[in-house]
Amino acid sequence: MRMKFDILTLFPNMFSSPLRESILGRAIEKGLVQIQTINIRDFTLDKHQGVDDTPYGGGQGMVMKVEPIARAIEWVKSKDPSAWVVYLTPQGKQFNQNIAMTLSSRSHLILLCGRYEGVDERVREQFVDEEISIGDYVLTGGELAAMVIIDALSRLLPGVLGSDRSAEEDSFFNSLLEYPQYTRPFNFRGSCVPEVLLSGNHSAISFWRRRKALERTSMERPDLLAKAKLSEEDKRLLEEILLRSRNN
Ligand code: 6GU
């Protein structure tokens with residue numbers, strides 16, 4: 001199950017290094033993920049290779065022109081009509097783990113990176129299948145958002161993470177934050193690793209980790225608890241955690 005990404009951008013160099021390190025780099029080497037950057041400027045026909053222009057009706061900034069984007073998308077689709085076009089824009093629906101899972105079942109994405117004041121509306125009307133934002137803050141363009149999406153989707157593909165590590169074990173899959181982790185040394189400047197982790201008592205360790213995950217989630221992301229799958233034991237632990245935090 002190979003996944004292919006075609007990135008339409010005015011700044012292809014932004015993608016050269018970040019996607020080629022570590023886990024993603026290995027996924028590309030193994031042929032599990034294929035990433036191609038396409039410079040929208042290469043699809044201009046005019047001598048000055050204009051990719052943007054002033055907005056009709058006046059106003060701030062520049063708007064990305066429809067023709068070069070149309071030709072770039074049509075070029076990719078002429079080879080694979082099933083390619084799904086995602087436009088990265090702050091106006092899109094907010095990216096999350098569920099969207100990541102849905103998108104990762106597609107075999108070919110075209111990621112269109114907006115710059116300036118965005119793309120001509122006719123790009124959206126005629127070429128875009130889905131619009132995604134990565135959060136409520138403003139970036140200078142969709143490039144970093146495209147990288148976030150490629151990273152989040154790639155690690156869901158079979159064979160990308162080590163065989164001992166399934167993406168389904170991840171915290172967001174079951175809607176709780178992760179428990180704290182420790183490695184050597186045992187004592188760092190007087191701060192010691194919790195004794196239970198050295199006990200060899202696996203059920204005590206599991207219990208401690210579950211309690212810490214619940215504690216962290218209720219402190220930092222109480223909104224997540226509403227959709228988490230909680231056992232009766234979890235609910236009892238949470239009550240204890242809430243009582244303790246009220247008394248502090
Ligand atoms: Cl996809 N683009 C831009 N320019 N800013 C963003 C974003 C995308 N997602 C969050 N902020």
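Gln49 is placed in the loop between β2 (33-39) and β3 (52-53). The model is a predicted one. Phi of Gln49 is near 50°. The value is positive, and Gln49 is a residue other than glycine. The relative accessibility of Gln49 is 36%. Gln49 therefore counts as partly exposed, as partly exposed covers the range between under 20% and over 50%.

Arg189 also has a phi near 50°. Here too the positive value belongs to a residue other than glycine. Arg189 sits in the loop between β8 and β9 (191-192). The relative accessible area of Arg189 is 76%. Arg189 is therefore exposed, the cut-off being over 50%.

A cis peptide bond was found between Arg184 and Pro185. Omega for this bond is about 10°. Pro185 belongs to the loop that runs between α5 (143-154) and β8 (187-188).

Strand β7 covers residues 130-133. Its side chains alternate in direction. Glu130 and Ile132 point one way. Glu131 and Ser133 point the other way. All of these residues are buried, Glu130 and Glu131 included.

Strand β7 pairs with β5 (residues 84-94). The sense of the pairing is parallel. The two strands are joined over 5 bridges. One bridge links Leu88 to Ile132 of β7. Ile132 is thus a buried residue and a bridge partner.

How values were computed. Residues are numbered from 1 along each chain as its sequence is written. This is a predicted model: local features need pLDDT of at least 70, side-chain atom pairs count only at pLDDT 80 or more; totals for chains, interfaces and linings use all residues. Side-chain values use heavy atoms; hydrogens and water are left out. Helices (H or I, at least four residues) and strands (E, at least two) are DSSP runs, numbered from the N terminus. Buried means under 20% relative accessible area, exposed over 50%, partly exposed in between (1.4 Å probe, protein chains only). Two strands pair if DSSP finds at least two bridges between them.
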